[in-house]
Amino acid sequence: MSLNSGSGVNNSSHHNELIPEKKVFAVASGKGGTGKSTFAINFSVSLAAMGHDVILVDADLGGADISNLLSIRAPRYTMKDFMSGDVTYLAEILENTPCPRLRLILGGSDIISISNPLYQQKMRLIRNISQLEADYIVVDLGPDISFNNLDFFNSAPVGFLITQNVDTIIMGFYRFLKAAFVRRLKQEFKNDTFILNIINDFQNRGWARSRRNLIGSIRAASQESVDKLDLVLDTFQPKLVFNRISTSAAKKTADQMFSFVLENFGFRLQTVGFLPDDKEVEKAYARSEPYVLSYPKGDTTKAFFDVLQASGLNKTKDGEVVSSFSHYSKLLRMEANNWQLLKI
Ligand SMILES: Nc1ncnc2c1ncn2[C@@H]1O[C@H](COP(=O)(O)OP(=O)(O)O)[C@@H](O)[C@H]1O
Ligand SMILES: [Mg+2]
């Protein structure tokens, strides 16, 4: 169940080790209102401004909002048409944006029947997302810790988790991370009852109680389980983004989270950036504009560039490294013309 369709999709003449092969990004958090959609939109727009063909998928099946956030008033099709079977392929419902390199798969708002798709519908959606033709596909997920969200998240080769330096939101992050990690492990060890018991034990115990070492126990079982575990640890590498920060305290929290995750889950959590709490972001959001285009020199746009850099994604389609903020900012200003954000 992988969204990484791998070979043949990226233009091989452009391919070199500078261009990441992983092309599907999931954006999740475990809580609503943390800034997932804002991140997904500005991330997609940034990749498009650097010359990539991008498809942004609104997979928040219960509360889709990308169409509102980008002022798409009357979409021809939404995810509902695909989930209901009225259209066969997801590629048929692509919606254009003012940017020729950015296209959308829009969700349908509050459609109960699609917010709880059957297993087959979910697999069909995951398969169709992986078959979309683009350099990058960005999947904006819902806030809940449902199997749907976990499976969408785990099927993407790269996952971004958007958090804030707020206890309840960090708890939501840990719950999501634990649930996604457990689901991924169970899938890998689905035929091994001994290891499944170890995973269940990890799943059921609280954070504070003294722990049996999950990773150590799995490693001690057999060479086969070591190999499977290493595969999971290699492919389960979410990137953490702190949003709406106002002090440097978030950096300390990020260090604590790194230690906690390493100790409890056995992998190194990568924090790729800290986005400020910014009035300009809210203003752009209220006007349904991507803030990186409205404020190409803004503080949060600068912080966004740091996220791209830390993720190894500051590259044009030709593989040229966008090494300075001023270069990125210039590409955004050129892109802003397509959107006619400079109001006449
Ligand atoms: N960096 C930020 N600074 C200020 N406000 C922000 C920032 N990021 C997001 N917001 C605000 O938070 C709210 C929720 O954002 P949204 O992206 O819709 O969250 P989600 O998709 O996680 O539910 C919006 O009002 C948005 O303007
Ligand atoms: Mg959202």
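**Entry 1: Asp255**

I began with Asp255 and asked whether this residue is buried or exposed. I found 11 C-beta neighbours inside 10 Å, so Asp255 counts as exposed. The cut-off I applied for exposed is 12 or fewer. This is a predicted model, and I kept that in mind for every entry below. Asp255 sits in helix α11, which covers residues 249–265. I also looked up its separation from Thr271: the two are 16 residues apart in sequence, and their C-alpha atoms are 8.9 Å apart in space.

**Entry 2: the whole protein**

Next I stepped back for an overview. I listed 15 helices and 8 strands in the protein. Of its 344 residues, 42% are buried. I then took the contacts between residues at least 6 apart in sequence, and 73% of them join residues at least 24 apart.

**Entry 3: two positive phi angles**

I went looking for backbone oddities. Most residues other than glycine have a negative phi. Ser71 has a phi near 55 degrees, a positive value in a residue that is not glycine. Arg244 also turned up, with its phi near 55 degrees and again positive.

Where do they lie? I placed Ser71 in the loop between α2 (66–69) and α3 (79–83), while Arg244 belongs to strand β7. For burial, I counted 12 other C-beta atoms within 10 Å of Ser71, which makes this residue exposed. Arg244 has 23 C-beta neighbours inside 10 Å, so I put it down as buried.

**Entry 4: ligand 1**

Which residues come nearest to ligand 1? I found 17 residues around the ligand, and the nearest are Gly35, Lys36, Ser37, Thr38 and Tyr285. The elements giving two or more residues to this shell are α1 (36–49), β7 (239–245) and α12 (279–286). I sorted the shell by residue type and got 3 nonpolar, 9 polar and 5 charged.

**Entry 5: α1 against α15**

Since α1 contributes to the ligand shell, I followed this helix to a packing partner. Helix α15 (residues 325–339) packs with α1 at an angle of about 95 degrees, with the axes 9 Å apart. That angle makes the two helices roughly perpendicular. On the α1 side I noted Val45, Ala48 and Ala49, and on the α15 side Leu331, Leu332 and Glu335. I sorted these contact residues into 5 nonpolar, no polar and 1 charged.

**Entry 6: α7 against α10**

I looked up a second helix pair, α7 (residues 167–188) and α10 (residues 223–235). Their axes lie 10 Å apart and meet at an angle of about 140 degrees. I recorded the crossing as right-handed. Arg184, Leu185 and Glu188 of α7 make the contact with Lys228, Leu231 and Val232 of α10. By type, I have 3 nonpolar, no polar and 3 charged residues here.

**Entry 7: α6**

Why do I call helix α6 largely enclosed by the rest of the structure? Its span is residues 147–155, and 8 of these 9 residues are buried, so the description follows. The cut-off behind that is 20 or more other C-beta atoms within 10 Å. I listed the buried ones as Asn148, Asn149, Leu150, Asp151, Phe152, Phe153, Asn154 and Ser155.

What covers them? My list includes strands β1 (24–28), β2 (54–59), β5 (136–141) and β6 (158–163). It also includes α5 (119–131) and α7, so I met α7 again here after its packing with α10.

Technical notes
Residues numbered from 1 in each chain as written. Chains lettered and ligands numbered in written order. Predicted model: local features only at pLDDT ≥ 70, side-chain atom pairs only at ≥ 80, totals over all residues. Helix = DSSP H or I, 4+ residues; strand = E, 2+ residues; numbered from the N terminus. Contact = placed C-beta atoms within 7 Å. Axes fitted to C-alpha atoms, helices over the stretch in contact; angles between N-to-C directions. Left-handed = near helix turned anticlockwise from the far one by under 90°. Nonpolar A, V, L, I, M, F, W, Y, C, P; charged D, E, K, R; others polar. Near = placed C-beta within 6 Å. Parallel < 35°, antiparallel > 145°, perpendicular 65-115°, else oblique.
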